[in-house]
Amino acid sequence: MNIMIVGVGGQGTLLASRILGAAAQNIGMDVKLSEVHGMSQRGGSVVTYVRYGEKIASPIIEEGGADLILAFEQLEAYRYISYLKEGGTYIVNTQKTDPMPVICGTAKYPEEILEKIAAKGIDVIACDALALAKEAGNQKATNVALIGVLAKHSTIEKEDWMKALNSTVPPKFLEANLKAFELGYNHE
Amino acid sequence: MKKLMLGNEAIARGAYEAGVRVVSSYPGTPSTEITEFASKYDEMYSEWAPNEKVAVETASGAAIAGGRAVSAMKHVGLNVAADPLFTMSYIGVNAGLVLCVADDPGMHSSQNEQDSRNYALASKIPMMEPADSSECKDFMKKAFELSEKYDTPILMRLTTRVAHSQSLVELEDRVEIPVKPYEKDIPKHVMVPAFAKQKHPKVEARMQALAEEAATADFNKVIMRGTDIGIITAGISYQYTEEALPDASILKLGMVWPLPEKLIRDFASKVKKCYVIEELDPFLEKQIKAMGIEVIGKDILPLEGEYTAAMLKDKILGIAPKEMASADEPVPVRPPVMCPGCSHRGVFYVLSKLGLHVSGDIGCYSLGSAAPLFAMDSIICMGASISAAHGMEKAAGRDFAKKTVAVLGDSTFIHSGITGLIDVVYNKGTSTVIILDNSITGMTGHQQNPSTGFTIKGEPTRQVDLVKLAEAVGVDRVTVVDPFDVEKFEKVVKEEIAADEPSVIIAQRPCALLKKAGYTGTYRINPEKCKNCKICMKLGCPAISITENGPVINETLCVGCGLCPNVCKFGAIEKVN
Ligand SMILES: Cc1ncc(C[n+]2csc(CCOP(=O)(O)OP(=O)(O)O)c2C)c(N)n1
C-alpha cells in the first residue's frame with residue numbers, strides 16, 4: 001500500500017504520516033516512511049510517503065505509484081495528480097492557502113480544482129477538515145480529522161488506528177484529536 | 001522489540017547501544033535529529049557546540065580521553081570541521097570516534113550538493129553508508145568496533161532519504177563500556193612534523209588492512225540473482241535498485257571507503273554487464289575503473305539530484321515511464337516563506353524599502369531574498385555575511401559600504417560571524433552588521449545555542465551577551481532595537497550605515513513559534529478605513545493576500561504579531577479579540 005500525504009509546511013502532515021505509519025505497524029506490516037524536515041517546513045510544498053506491505057525497499061513513492069493521496073490543501077492536491085495510480089483515491093481537504101506567487105500577484109490560484117481532478121476520472125473525496133477540527137475544539141487537529149477520513153477508507157481496523165493515535169499524539173492534545181478523528185471517520 | 005525509527009533516531013540508538021559517552025554536534029539538516037535523539041538518553045552526555053569544528057574537536061578529545069564519542073553534522077558542516085578531521089586521521093583514537101555526516105542530494109535544505117565521500121578518500125578515514133534505519137543502528141555499533149580495532153575515526157555517511165525515512169529497527173540493550181585508561185603518549189597525540197611523519201605510513205597501512213577486512217566483512221553483501229546485469233551500489237541507491245531491478249545481481253557496499261578490490265573484481269566477472277549506481281559524484285565508479293574493471297555509471301546516469309527507480313528502469317532497462325494524468329494548467333509553485341509573525345520580517349521590510357546592498361547569511365532569514373522582499377544580495381556560507389561585506393568595502397570603497405549591511409542570525413553569529421566582525425574591527429572597516437536575535441536556532445527546527453541561555457536539555461546556563469561581545473572586540477556603536485518598531489529600526493539603520501566606524505545592530509524579537517513570543521488573537525483589515533495602498537502587501541506575510549476589494553487577512557494563518565498595523569498609514573488594521 002502506497003500512501004502520499006501532501007500539504008503546506010506547518011499543516012501537520014508529519015504527525016499524520018506518523019499516525020499512519022504506527023497503524024500499519026500495528027497490523028504487522030513492514031513499513032517505510034519518508035519525511036520532509038528543514039527548509040520546506042517553512043510554508044513550502046511538503047510531501048511525505050508512507051509505504052507498507054510484506055517487504056518494502058524504497059521509502060519513496062514515484063509518479064503513478066500512489067494508491068491513495070491525502071491532500072491537506074487544494075493546490076497541493078492539484079500539484080501531485082501524476083503520482084496517483086490508475087484507479088487510486090484522492091482525499092482532499094477543501095482548505096485553500098495562497099502560495100507567495102499568488103499573494104504577490106504573479107500567479108493565479110487555479111479555479112475549481114476538485115472538479116478538474118474529478119473530470120480525469122479520479123475518485124475524489126472532499127472534506128472540510130478545518131471545520132471538523134474546529135468542531136472538535138482545536139483547529140490544529142485538522143490533520144487528525146483527515147486521518148479519520150483516511151481510516152474510514154483503509155483496510156486497517158479502527159482499533160489499530162486508535163492504538164496508533166494513543167502512541168503518537170501528545171497526551172495534552174489527545175482529547176481534541178480523538179474527537180477530530182471520530183468526526184473525520186464519520187464524515188459523509 | 002521492533003520500533004519504527006527515523007534513520008537519525010537509529011543512529012542515536014546505535015550510539016547509545018554502543019556505549020557512547022559524549023555527543024557534540026552543531027545542527028544542520030538533514031543531520032539535526034541525531035543529536036536531538038541522543039540528548040534523550042541520560043547515559044550519554046550530549047551538547048550543541050557553537051560550530052562543527054568545535055564539535056568534532058570536543059568529540060576527539062573525548063575519544064582520546066577514553067570515552068566513545070560521536071559528532072554529527074550536515075555535509076557543509078564537515079567543511080568547517082575538515083581541519084580536525086584530517087589530523088585526527090593521523091592521531092587515531094583511544095576509545096572509538098564516529099563522525100556522522102549527512103549529505104543532501106537534491107538539495108532539499110542546502111546551499112550545495114557536495115558529496116562527502118570525497119572527504120573519506122582525502123582524509124584517509126574509512127566511511128560506512130547505511131541504506132535504512134536498521135543498518136543505521138547496526139553500522140554505528142560496527143563502526144565503533146572498527147574504530148578501536150584500526151585506531152581510526154570512522155565516517156558514517158547518510159543522505160536525506162536515509163536520515164529522514166523511518167523503518168523498523170530491532171532494539172537491543174546498551175553495553176556499558178568503561179572509560180578506557182588514558183596514557184600520555186606524545187608521539188601518538190602530538191602532531192608535530194616529526195611524529196606526523198611516523199604516523200603517515202601507519203595510516204596507509206591501516207587503510208590497506210581495512211580494505212582486506214572489507215573483502216569478507218558482512219557489511220558488504222553480494223546478492224546473486226541473474227547474470228545479465230550486475231549492480232554495484234550503496235546507501236539509498238541500493239533501495240532504488242531493488243525497486244527497479246529485482247532480477248539484477250547486486251553488490252551492496254556497506255563501507256564505501258576503502259573498497260574491497262577482490263570482491264568487486266569477482267562480482268564484476270560473474271555478470272555480463274556491470275553498472276555502478278550512486279547519486280552525486282562518480283566516487284565508486286572512478287575507483288573501480290581505476291582497478292581496470294569495466295563498469296557503466298555516469299555515462300548514462302546524472303551527476304546531480306536524487307535518483308528514482310523509474311529513472312533506473314528507463315536508463316538501464318530502456319523501459320520509459322508511463323505518461324500519467326496531470327494538471328490542466330501550470331500549478332503555481334509554493335516556495336518556503338518566512339512564517340506569519342516571523343521576527344525577521346520587519347528587518348527585511350526596512351532593508352527592502354531603503355534599497356540597501358545586503359550581504360546575507362544562512363538561516364530562516366535567507367528567505368528575505370525571496371519575493372516580494374528581495375532584500376538579500378548574496379549568500380555564501382554560514383558566517384560569510386560580515387566578512388563578505390568587509391571585502392565589498394575594501395574593493396568597492398566607503399560609499400558602497402554606506403549602502404551595505406551584513407545580516408545574520410544569533411546562532412550563525414556565534415558559529416562563525418564573530419571572527420568576521422573581528423576582521424572588520426582589526427582591519428579598520430566600517431561595516432554595519434545586523435544580528436537577527438530571535439532567541440533560537442530557527443531554520444533547523446529550534447535548537448538552543450550559546451546566546452539563548454539554555455543547553456540542549458533545556459537547562460539554564462550562562463548566556464553569551466551579544467552586546468558585550470561586540471563591544472569586547474572593539475565595536476563602539478552597538479544598538480539593540482525591536483525590528484517590529486519599523487520607524488525606529490529604519491532610523492537606526494540609516495544612522496549606522498552613515499557612521500564612519502563599524503556598528504552592530506541587534507534586532508531583538510523572539511521567533512514567532514516560541515511560546516515567549518506571546519502572540520494572541522488575530523488582526524483584520526477594516527474595509528471602511530483601507531485605502532487599498534497595498535503597503536501591507538510589501539511585508540510578504542503569507543497571512544495577507546490581495547482580493548478584488550483590497551487586501552484581507554487570513555485569520556487561520558494570522559498569529560497576531562502586530563507588525564502590519566505598524567506599517568499601515570491609515571489605521572485600517574485592527575485587532576480581533
Ligand atoms: C556549516 C553549516 N552548518 C550548519 C548549517 C545548517 N544551518 C542552516 S541555518 C542554521 C542556523 C540558523 O540559525 P540562526 O542564525 O539563529 O537563524 P534563524 O534560522 O534562527 O533565523 C543552520 C544550523 C549550514 N547551512 N552550514
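Author: A salt bridge here is a side-chain nitrogen of Lys or Arg within 4 Å of a carboxyl oxygen of Asp or Glu, and in this predicted model the rule finds 6 of them across the interface of chain B and chain A.

Reader: What makes the meeting of Lys322(B) and Glu86(A) a salt bridge?

Author: The side chains of Lys322(B) and Glu86(A) come to 3.2 Å, N to O, and since the cut-off is 4 Å, the pair qualifies as a salt bridge. Across the interface of chain B and chain A there are also 26 residue pairs in polar contact, with both residues at pLDDT 80 or more. On the side of chain B that touches chain A, α11(B) supplies the largest share, 5 residues.

Reader: How many residues of chain B and of chain A are in contact, and how much area do the chains bury between them?

Author: In chain B 55 residues are in contact with 54 residues of chain A, and the two chains bury about 4400 Å² between them, 58% of it on carbon and sulfur atoms.

Reader: Why is the largest nonpolar core said to lie between domain 1 and domain 2 of chain B?

Author: Domain 1 (2–213) and domain 2 (221–317) of chain B both give residues to this core, so the core lies between them. The core has 81 residues, and among those that touch the most other members are Met4(A), Tyr90(A) and Cys100(B); helix α7 (residues 133–150) of chain B gives the most, with 7 residues.

Reader: Which residues, leaving aside neighbours within four places in sequence, are in contact with Cys100(B)?

Author: The contacts of Cys100(B) include Ile11(B), Ile34(B), Val70(B), Met140(B) and Met156(B).

Key. Residues numbered from 1 in each chain as written. Chains lettered and ligands numbered in written order. Predicted model: local features only at pLDDT ≥ 70, side-chain atom pairs only at ≥ 80, totals over all residues. Heavy atoms only, no water. Core = buried A, V, L, I, M, F, W, Y, C linked by side-chain atoms within 4.5 Å. Buried < 20%, exposed > 50% of the residue type's maximum accessible area, 1.4 Å probe, protein only. Helix = DSSP H or I, 4+ residues; strand = E, 2+ residues; numbered from the N terminus. Domains from an automatic or database assignment. Contact = heavy atoms within 4.5 Å. Buried area = accessible area lost by both parts, 1.4 Å probe. Polar contact = N/O pair within 3.5 Å; in protein donor to acceptor, adjacent residues only side chain to side chain.
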